[in-house]
Number of protein chains: 2
Amino acid sequence: MTISSDDRLRITYRLALTEHGDPAAAAEDIALEQSVELPGRCLESDAERIMVGRVEHVARGEGEWSQAVISFPGALIGTDLLQLLNVIFGNISLKRGMLVTAVELPGFMVGGTWGPRFGIAGVRNMLGVEPRTPLLCAALKPVGLRPDEVARRCYEFAAAGVHIVKDDHGFTDQVTAGFRERVERCLDAVERANRAHDEHSIYFPNVTGSISELPERLEFLRAAGCRGVLLSPLLVGLDTVRSISDQAHFAILAHPAMAGAYFGATHGIRPDVLLGTIFRLAGSDGVIYPNVGGRFALSADDCTGINHRLREPLSAVRPAFPVPGGGIAVERVPEWVRRYGPDTIFLIGASLYDQPDVGRAARELVMALTRGAMAAPE
Amino acid sequence: MTISSDDRLRITYRLALTEHGDPAAAAEDIALEQSVELPGRCLESDAERIMVGRVEHVARGEGEWSQAVISFPGALIGTDLLQLLNVIFGNISLKRGMLVTAVELPGFMVGGTWGPRFGIAGVRNMLGVEPRTPLLCAALKPVGLRPDEVARRCYEFAAAGVHIVKDDHGFTDQVTAGFRERVERCLDAVERANRAHDEHSIYFPNVTGSISELPERLEFLRAAGCRGVLLSPLLVGLDTVRSISDQAHFAILAHPAMAGAYFGATHGIRPDVLLGTIFRLAGSDGVIYPNVGGRFALSADDCTGINHRLREPLSAVRPAFPVPGGGIAVERVPEWVRRYGPDTIFLIGASLYDQPDVGRAARELVMALTRGAMAAPE
């Protein structure tokens, strides 16, 4: 791989004025801290300066923050996804008042090495759902059920035409429902439901868990004909997701567990950058996030921002599905489809379990989504 | 493994009053959200309730926060470290005003499955440094140097008697100093320095990077006689650290990259819990953190808190070294040894590079530390 000197990563930071009265000094500090970890005066030769970040732009804000754009040489990162994360926020996470609001990647990083293996078109193809129809995903709950009980719910959702049936991300290898037995039963349930009701549902088991057992579990899933998995990237590690994606055996649904730690108002990584850009680069074909108005803290702008980052053109990196969870009642489906567009997987979790007849409620949602598609903007 | 119903994980949260005017309701919400992810009214049977968290205690605070203690069944977690993290903070990371201040583990989790393979005694033994003498660690900088230049610095530190010489955590596999060549040259440099100066230094290369290449890199290191590695747990994933620790080939030095994202004043995981308890459970033999008074944001209490968590009795889990970085000038060494005690690895980074003669400055530090040991409290 050749990296030219123009191949630079550009990161935009918001600097809180309360912490950084001199934004130019703060920007210079980030440029050094995130590369050589030395003060400029300690760098003696050109070789010692070759990797240093460069302050491209600083604008003192009128409100409570300033903005700084800092670029780093592509050679500092290469194609190491973890080093990309490290350069974006590793050491400065331990400072204050620094918020990552945008990441612009050099050409060689977005040349197809990273990103989803299936993406929006690939997942549609896998599920047999044509373009312009939004998708529905349901979650199997609650942890504590036995495998046969989980499988029964799985059947019910698949029979109702729910496109993706996923484990709750808290299902691991509990004594109540061990990984293998749960997965075998659920795969079987979905297959039976698909045959009986002429559907094409896919079951996504959660494989987040012991790294030592992960290769064996993935091999087991591959042999069993499983085609998608659920992963929590901030638990298993983003490069573990990338390495699973790279094998191209499974579509990957990413869960945002732990992500909120990064969503400080004045310090962290903005939701669209973390769940949009970064999760997409790690190979997620769909990214779950808590929809505005539900029981979590994301704003309407955060949600549309995530959608945008997952779908925006990014060289050879495929677009990924946003998977907003929560707030998807039947009567509001047309509104959500209008707001988010048809290239969305709507995740219905707890609210489905609040219905007297879960299967019927699921079918009504599938029908509302299909109808809703007609109201979607071109 | 048998898990009795008394084997419960207990977590203490601070709830910000600005966000949670009804702390009992917020505690109940955590108990459900972090286990079954369903409202209580949706749980129909005992089987559905078996994994639910239990609010043990809520105290309305007099200041700006309340305190809640919530326990979760051990069977919800088993011995899955990532599920432990998930239960502690996974989904609620996406809420606001919830701060994890303590984690109390059931017996079966601290029975020796988790935690450092070497710990304080094992690392001392490896380095030939007797009890009650503090240790010194120096960082190789800056990224951008060629392997021979990095190795020259490595030699200088080892010859000065620095106990541990580690890569800066930004050294990955850059074109300027590829992983294998850098490691080979540094291992060789340390060996030569040890022979020439009768020292026992150990070089800890950074192995944070591509998960696909990790097994091969570790095997290469093992074959080359390398005995310790540097890892950033929040980049590679905490269970990747555990799985490397479990093989017991390498002592593990953990770097706090990204950890600051969790250190919000009102929302997150307190530094002592994340860098102390959790990093220790993941198998870190030493945990680097930014010392108070340096260029980062931890307080004096945070630092002593981390030290305490790393060394406190925790059933069969070995104690680990705190590795404070920054602020370690020669004249202040006795003060730091008095404050932190001798079971500490003092990390000297940037400030060493500010000296005209780096090797001599390093030797003075080693001598000050050895002398400082005599002033340490019993």
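Which residue forms a salt bridge with A:Lys95, and how far apart are the closest N and O atoms? The partner is A:Glu33, at 3.7 Å. The views below come from a predicted model, in which local features need pLDDT of at least 70, side-chain atom pairs count only at pLDDT 80 or more, and totals for chains, interfaces and linings use all residues. Residues are numbered from 1 along each chain as its sequence is written, chains are lettered from A and ligands numbered from 1 in the order in which they are written, and side-chain values use heavy atoms, with hydrogens and water left out.

**View 1. A salt bridge links distant parts of chain A.** A:Lys95 lies in the loop between α3 and β4 (98-104) of chain A. A:Glu33 belongs to helix α1 (residues 23-33) of chain A. The two are 62 residues apart. A salt bridge here is a side-chain nitrogen of Lys or Arg within 4 Å of a carboxyl oxygen of Asp or Glu. Over all chains, the structure holds 58 salt bridges. Helices (H or I, at least four residues) and strands (E, at least two) are DSSP runs, numbered from the N terminus.

**View 2. The open sheet of chain A has five strands.** Their order is β2-β3-β1-β4-β10, with mixed pairing. Two strands pair if DSSP finds at least two bridges between them. β2 (54-59) and β10 (268-269) of chain A are the edge strands, each pairing on one side only. β4(A) and β10(A) run parallel, paired over two bridges. Here A:Val100 stands opposite A:Ile269 in β10(A). Helix α3(A) packs on the sheet and touches β1 (8-16), β3 (65-73), β4 and β10 of chain A. The direction of α3(A) makes about 35° with that of β1(A). Axes are lines fitted to C-alpha atoms, for helices over the stretch in contact, and angles run from 0 to 180 degrees between N-to-C directions. Contact means heavy atoms within 4.5 Å.

**View 3. A hairpin joins β2(A) to β3(A).** The connection runs through five residues. The two strands are antiparallel, joined by five bridges. Within this pairing, A:Val58 has A:Ala68 in β3(A) as its bridge partner.

**View 4. Chain B has an open sheet of five strands.** The order is β2-β3-β1-β4-β10, and the pairing is mixed. β2 (54-59) and β10 (268-269) of chain B stand at the edges with a single partner strand each, so one side of each is left without a neighbour in the sheet. Strand β1 (residues 8-16) of chain B runs antiparallel to β4 (residues 98-104) of chain B, with six bridges between them. B:Arg10 has B:Glu104 in β4(B) as its bridge partner. Helix α10 (residues 271-281) of chain B lies across β4 and β10 of chain B, at about 35° to β4(B).

**View 5. Chain A meets chain B.** Each side is listed by chain: 72 residues from chain A and 72 residues from chain B. Together they bury about 6,100 Å², 58% of it on carbon and sulfur atoms. Buried area is the accessible area (1.4 Å probe) that two parts lose on being put together, summed over both. A:Glu37, A:Leu94 and A:Met258 supply 12% of the area that chain A buries against chain B, more than any other three residues.

**View 6. Six salt bridges cross the interface of chain A and chain B.** One of the salt bridges pairs B:Glu37 with A:Lys141, with the closest N and O atoms 3.9 Å apart. The side of chain A that touches chain B divides into 34 nonpolar, 22 polar and 16 charged residues. Ala, Val, Leu, Ile, Met, Phe, Trp, Tyr, Cys and Pro count as nonpolar, Asp, Glu, Lys and Arg as charged, and the others, Gly among them, as polar.

**View 7. Backbone exceptions sit in loops.** Most residues other than glycine have a negative phi, and most peptide bonds are trans. The bond from A:Lys141 to A:Pro142 is cis, with omega near -15°. A:Pro142 lies in the loop between β5 (135-140) and α5 of chain A. In chain B, the bond from B:Lys141 to B:Pro142 is cis, with omega near -15°. A:Asp198 is not a glycine, yet has a positive phi of about 55°. A:Asp198 is placed in the loop between α6 (179-197) and β7 (202-204) of chain A.
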